[in-house]
Every structure is written in C-alpha cells, then in structure tokens.
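Open your viewer, get comfortable with rotating and selecting, and follow along one stop at a time. Ready to begin?

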Amino acid sequence: MTTDGMNNAAPTSLPASLSDYELTQASGRGDMKAFETIYERHHRRVYSLCLRMVANATEAEDLAQEVFIQLFRKIGSFRGESAFTTWLHRLTVNHVLMHFRKRGVRLEKTTEEGEIGEIQDYLQSAADRPRFVDRIALDKAISELPPGYRTVFVLHDVEGFEHEEVADMLGVSVGTSKSQLHKARMRLRELLNKKTDKKTETKKTESKK
Amino acid sequence: MVKEIPAPNAALPFKSIRKFLSALAISFAVTTAMTHSASAQTFSRTFAVAPETSELEVVNQAGTIKVTGGGHAARIVVNARQNDNTAKVDATQNAQGKVKIEVTGQGAVDFEITVPASSNVDLLCYKGAITVANLGGAVRARVTDGNIQITGLRSARVEAHSTKGNVSFSGEVLPSGSYTLKSFSGRVDATLPANADFRLSAASFRGGMDLGGFQMKFDRQTHQLVEASHGAGRASISLWTQEGSIHLHRKP
Amino acid sequence: MECHAVINSLSDYLDGQNVWISDDEAKQIETHLTNCPTCQNFKLELNEIKIAARELPLHTPPRAMWTRIANQIEAEIAAENGPLRHAQNASGWWGWLRSRRFTFSLPQLAGGAAVAVALIVAAISGIFGPHSGTLNLSGVQTALLPEEDEIKADLERRLNAVNARKAQWDAQRRAEFEQHMTRIDESLKRCRYMLGDNPKDAIQQQMVRALYTEKRQLLEDVERLRW
C-alpha cells in the first residue's frame with residue numbers, strides 16, 4: 001500500500017474552506033482525512049468540555065477519545081439540521097453523563113455548608129476591591145467544585161445550554177438546575193476570592209470576627 | 001580588573017572627547033565601593049555612558065539580575081550584593097563605553113542595575129532570575145535555571161530564553177521588532193497591546209496554548225503549532241516551549 | 001428586600017429578568033443594588049464569573065489521542081471489511097503497533113487484503129522498530145533534517161570541549177548539567193521518534209530543531225560562564 005505522501009500531509013494542509021457539514025459527509029463515506037480535519041477543528045473543545053466535567057485529565061482523555069470514535073460511527077447520521085458544534089457538544093455531554101451514571105456520580109448534590117453563613121461572612125469583609133476574574137484561576141476553581149455544581153455550571157455557563165436543556169439532560173427539574181447553578185457561582189466566587197486574598201494578603205483576617 | 005583605555009582619536013569631535021574624558025573622570029572618581037558587614041557584602045559602581053550607545057553585559061553564576069531603564073540618562077549604576085564571599089565580581093568598561101560585569105566563582109550575587117532607557121543589555125545568569133523593566137534598547141536575557149520577567153518594554157529586539165523556568169514579556173510591539181521568548185520546561189507569557197501588529201509563530205510540544213482572544217489570521221493552527229498574523233503582521237513574535245504552556249494576553 | 005434574599009436571586013436576575021423573575025421583583029432588586037454596595041459588588045462578581053466562563057482557555061489533549069482514535073477506527077473498518085477479527089481490540093496491543101503510523105489517509109480502506117498487508121507490515125515494524133515506552137533511538141541515527149549531521153557535528157565539538165573541563169567542576173554542577181542535558185535528550189528522542197514516523201511533519205521538524213538549539217544554548221552558557 002503506498003500511502004506515502006498522503007500520509008505526510010499535515011491535517012492543517014487540508015482545504016480550510018470545507019464546512020463542517022461537508023467534512024461530515026466525506027467522513028461518512030469513510031474519508032479519514034476529512035475526519036482528521038474535524039478532529040483538528042474540534043478536539044480541543046471536546047477535550048476541554050470533558051476535562052471540565054470530570055476534572056481529571058486521564059479520564060477526560062479517555063472520554064474525548066471515545067466521543068470521537070462514537071462520532072465516527074454516527075457521523076453519517078448527522079443531517080446538518082443543527083450546527084455541527086451543537087450536535088457534537090450534545091454527543092459529548094451525553095457521553096460524559098453516561099459515564100457519570102455508570103460510575104454512580106450523583107448530580108443532585110446539595111450544599112454541605114449553609115450559604116447564609118457564607119453570605120454574612122462576605123458582608124463583613126466586603127471591600128470594593130478592584131478585581132477581575134482571571135480565566136485560568138476560574139478554570140482551576142471549576143475543577144474544585146463538587147461534581148453536581150460543576151456539571152450544571154459547565155453546561156450552563158461554559159457551554160451555554162439553557163436551563164431547560166440542562167434539566168432535560170440531567171433528568172432534573174429546571175428549579176434544581178437553577179439553584180445548583182447559583183450555588184456553583186457562589187462557590188466559585190468564594191474560591192476565587194480566597195485565591196485573591198491569598199495573593200494580596202488583604203486585611204480580611206483583621207476585619208473578620 | 002582590566003580597563004581598556006582607547007588611544008586618543010584626533011578625528012573624534014570635541015564633544016566626544018569631552019564625553020570620554022568625563023567618563024574617565026567619573027570612573028576614577030567613583031571608585032568601587034565595597035562594604036563588608038558580618039553577613040553580606042555589597043558592591044556598587046557607576047559608569048558614565050553615552051545614552052544612545054549605552055551597552056551592558058552581565059554574566060552571573062547565580063542570584064538575580066534586575067535591570068531597570070530610565071535612571072540617569074548617562075549613567076549605568078550597578079549595585080550588587082552577595083551573602084557569602086565566594087564569588088568575584090569584575091566590572092569593566094571598554095573603549096566603546098560598553099560595561100561588562102562578570103562573576104566568577106560559585107556564590108550567588110544579586111544585582112540591581114539602572115541604565116539609560118535606550119541601553120542594549122545582554123544578561124546571562126546560570127541559576128537565579130532576571131528581571132528587566134522599562135527599556136527601549138535590545139534585550140537578550142538567558143537563564144539556565146530560573147525565571148525571566150520583562151516588563152514595560154519599548155524595544156525592537158527581545159530575546160529571552162530559559163531552560164528551566166518561566167519567561168514572561170510585557171511591552172510594546174514595534175513594527176520592525178523581533179521578539180523571541182523560549183523556555184524548555186517552563187511557561188511562556190506574552191502580554192501585548194490589543195492593537196499590536198505582528199506575525200506569530202508559537203510552538204508548544206505538550207503544554208497547550210491560550211491565544212488570549214487575539215483575533216488572528218491563521219496560516220497554520222494545530223494544538224502544537226500556531227502560525228498566524230494579527231493586524232498587518234509586521235513584527236515577528238516567536239514563542240516556544242517544549243514542556244510548558246504558552247499564553248498570550250491582551251493589554252487593555 | 002433583605003440582602004440575602006437579593007443575593008439568592010442574583011443568578012436569576014443575571015440570567016434573564018423576564019424569564020426567571022418578574023419585572024416587579026427585578027425592580028426591587030435594582031433598588032436594593034443601588035443602595036447596597038455589598039450586594040452590588042456581589043452582583044458584579046457573579047456577573048464576571050458568568051462572562052469569564054464563556055471565555056475560558058481551551059485545553060489541549062496529548063497528540064497521541066488522535067493516533068489512538070485513528071487506530072481504533074481503522075481497526076473497526078478493517079474488521080468490517082476483512083476477516084481480520086483480532087484487529088478489533090485495537091486499543092490494546094494492535095493499537096500500540098499501529099501507533100507507529102501517524103496520520104493516515106486511506107481513501108480506499110475498503111480493500112480488506114490491503115489492510116491486512118498494512119497491519120502485518122505495521123506489526124513487523126512495530127516489533128522491530130522502537131515502540132512502547134522505551135523510545136530508544138541510540139543506534140538509529142539517520143539524519144531526519146537536511147542539516148542534522150551538521151548540527152550534530154557542531155554539538156559534538158562543543159560537547160567535547162565541555163567534557164574536557166567537566167572533571168574540574170564540583171559534583172553538584174556536574175549533576176545539574178547532566179540533568180539538563182538528559183532531559184533535553186529525552187525530548188529530542190521523543191520528537192525524533194515522531195518525526196521518523198512522519199518525516200515531512202513540519203511541526204516535529206520545528207520541535208527537533210528547537211531542541212537542538214536548546215542543547216547548543218546549554219553548551220554556549222558553559223563557555224560564557226567560563227566553567
């Protein structure tokens with residue numbers, strides 16, 4: 001088999017102009033080069049989504065890998081009715097959720113601590129310090145969230161799914177999705193503030209009771 | 001300590017000779033000040049330089065080198081400190097006015113040097129850290145084991161390279177500029193003006209990249225290599241790390 | 001409205017006032033926010049988190065991921081098209097063997113016999129070539145870059161000069177130097193290995209060049225430091 005030459009073509013040298021839909025069609029006919037281009041375009045998003053949901057690099061790698069293999073099997077059934085990215089993200093989310101179910105990860109995890117205490121704590125220490133959310137710090141903080149909060153936050157705030165969709169995917173009520181999201185944001189705020197405080201050694205400890 | 005004295009050159013304009021003589025006078029007047037204390041030894045020297053041709057080279061074995069631009073317009077002021085007395089510091093100025101500081105021996109020496117803002121600097125430190133701030137001249141910084149931090153630059157030529165450490169750059173991107181930031185195992189950060197005009201070549205073998213939201217025209221984009229241009233793509237920016245990650249940031 | 005009631009409604013408020021909370025409630029919250037810097041600050045922070053979440057950096061999986069995916073798909077196709085049943089568990093031993101090939105574009109994968117030949121060839125090269133973990137390249141030293149022999153000769157010369165002086169270094173300096181060199185060499189092996197698989201891969205070429213430069217830099221440092 002003489003595949004040399006073609007073998008060496010870097011994935012990026014493929015016509016960049018081909019749309020995702022055209023590539024899915026070609027992949028559906030068994031064109032691996034087209035599929036590789038799809039991979040090149042989307043693998044970081046898929047991997048990042050898996051990583052954010054499971055907060056473990058090895059698991060995320062395995063999951064992303066399975067997603068692409070599944071994608072190859074199913075790609076012929078993509079009809080181009082929705083955007084390919086949406087379709088792929090759905091596929092990824094479903095795959096990760098399936099994985100959660102197999103592993104028995106409970107999503108409806110309620111808060112361990114009372115938030116009221118946290119709020120009051122905040123009220124006393126609130127200073128109008130200028131700060132912005134560092135994206136890398138936020139990324140790290142997400143990985144520190146309990147799985148239930150993390151899943152809802154990733155689906156709603158990172159991936160942009162609506163509460164109805166999140167609720168549907170997770171098999172919970174919209175109300176649960178909303179409250180988990182709020183708790184997730186609150187926890188993130190807390191985690192980020194903790195980091196900022198550590199960094200700048202604010203007088204927080206002084207003013208705290 | 002070797003001091004090169006140039007032969008008087010009749011072709012030199014009077015101004016230059018005067019500058020040269022005053023430089024000489026200062027070099028002699030401000031003799032090396034060495035202060036011994038129980039724990040630390042300090043060293044300071046001042047060199048007269050011509051602002052537009054000011055040049056500094058430092059070769060340090062261990063410790064920190066901190067170079068800041070914008071002090072006296074015609075002086076290089078070197079302050080050094082070592083905790084034990086095992087390293088020897090040599091500071092010389094050649095006929096062209098270039099100041100060279102060389103450390104031999106094993107001990108760590110920490111330098112704080114101020115230079116005219118337009119100075120060219122060439123810094124090497126085996127183990128430690130290099131910090132460069134507010135310079136407009138060419139900057140070459142090399143640390144084998146340690147971090148390099150460059151801030152507030154308006155330079156057309158920057159080369160920063162660490163084998164085992166992080167490299168960060170923040171400054172202007174001049175149209176004809178060339179900026180190379182490399183680290184073998186550390187992370188590379190570049191903070192650039194949002195409207196900077198550059199061609200980027202960024203390679204990270206395993207660490208990944210964050211392009212900081214720059215909207216670029218990509219010629220090549222894989223998870224290991226990005227070749228792209230921003231704006232008209234005039235300056236050249238080259239970033240590399242084998243094991244670390246690459247991060248671009250937009251300066252607000 | 002009390003602070004904590006406001007704070008508990010902030011996400012609903014931020015995510016769409018018309019959807020989750022009434023206009024009336026939204027107004028009450030706004031009135032509170034204008035008078036309460038603490039809650040206002042709270043709102044700003046939650047909003048920042050919400051905005052930043054949409055702009056998170058992407059993570060990059062290891063390059064080998066594509067290889068593994070491609071291996072498994074190829075094996076599945078082969079299994080469908082030919083009698084090579086054992087190729088099905090491609091993620092295991094076969095996957096490793098096949099990871100010798102990098103990208104593959106096989107427009108006509110359908111030919112079962114051809115695939116069988118490919119797998120056998122890969123198996124043989126997998127057995128005899130470097131694979132699985134060790135990546136030992138010493139011995140395999142065909143030039144992979146046009147200028148590689150030249151680079152190597154230059155490094156060799158510099159290294160000899162350094163080696164001649166190394167005896168005078170103290171143990172720590174020697175150990176550190178060796179450590180740096182070894183680490184770069186390991187990476188170099190890995191990249192050369194990948195380049196060997198796919199000799200026109202411009203990315204790996206660049207990586208290999210960068211690593212040679214890194215090695216030369218270390219040797220130059222030693223000269224400048226007058227060790």
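Which side chain of chain B does Arg226(C) meet in a salt bridge? Select Arg226(C) and look across to chain B: the partner is Glu102(B), with N and O 2.3 Å apart. Keep in mind on this tour that the model is predicted.

**Stop 1: the place where two chains meet**

Glu102(B) and Arg226(C) form a salt bridge, and the full count between chain B and chain C is 6 salt bridges. Polar contacts add to the picture, with 16 residue pairs found across this interface, both residues at pLDDT 80 or more. Now colour chain B by secondary structure. Several strands give two or more residues to the side that touches chain C, including S3 (55–69), S6 (99–104), S8 (120–133) and S9 (139–153). Sort that side of chain B by class and you get 9 nonpolar, 15 polar and 15 charged residues.

**Stop 2: the whole interface**

Next, select every residue in contact between the two chains. You should pick up 39 residues of chain B and 34 residues of chain C. The size of an interface is often given as the accessible area lost when the parts come together. Here, the area buried between chain B and chain C is about 3,100 Å², and carbon and sulfur atoms give 50% of that. Which residues of chain B lose the most area to chain C? Show Tyr126(B), Phe205(B) and His223(B): together they account for 18% of what the chain B side buries.

**Stop 3: strands side by side**

Hide chain C for a moment and zoom in on S8(B) and S9(B). These two strands run parallel and are joined by 12 bridges. To see one pairing, select Val132(B) and find its bridge partner, Ile150(B), in S9(B).

Move on to S10(B), which pairs with S9(B) in the parallel sense over 6 bridges. Here Val143(B) has Ser162(B) of S10(B) as its bridge partner. S9(B) is also joined to strand S11 (residues 167–171) of chain B by 4 bridges, again running parallel. Look for Ile148(B), which stands opposite Val167(B) in S11(B). While you are here, show the side chains: in a regular strand they alternate between the two faces of the sheet.

**Stop 4: stepping back**

Zoom out to the whole of chain B. How many helices and strands does chain B have? Its secondary structure comes to 1 helix and 19 strands. Of its 252 residues, 52% count as buried. Finally, among contacts in chain B between residues at least 6 apart in sequence, 54% join residues at least 24 apart.

Terms used
Residues are numbered from 1 along each chain as its sequence is written. Chains are lettered from A and ligands numbered from 1 in the order in which they are written. This is a predicted model: local features need pLDDT of at least 70, side-chain atom pairs count only at pLDDT 80 or more; totals for chains, interfaces and linings use all residues. Side-chain values use heavy atoms; hydrogens and water are left out. Contact means heavy atoms within 4.5 Å. Buried area is the accessible area (1.4 Å probe) that two parts lose on being put together, summed over both. A salt bridge is a side-chain nitrogen of Lys or Arg within 4 Å of a carboxyl oxygen of Asp or Glu. A polar contact is a pair of N or O atoms within 3.5 Å; within protein, one must be able to donate a hydrogen and the other to accept it, and residues adjacent in sequence count only if both atoms are side-chain atoms. Ala, Val, Leu, Ile, Met, Phe, Trp, Tyr, Cys and Pro count as nonpolar, Asp, Glu, Lys and Arg as charged, and the others, Gly among them, as polar. Two strands pair if DSSP finds at least two bridges between them. Buried means under 20% relative accessible area, exposed over 50%, partly exposed in between (1.4 Å probe, protein chains only).
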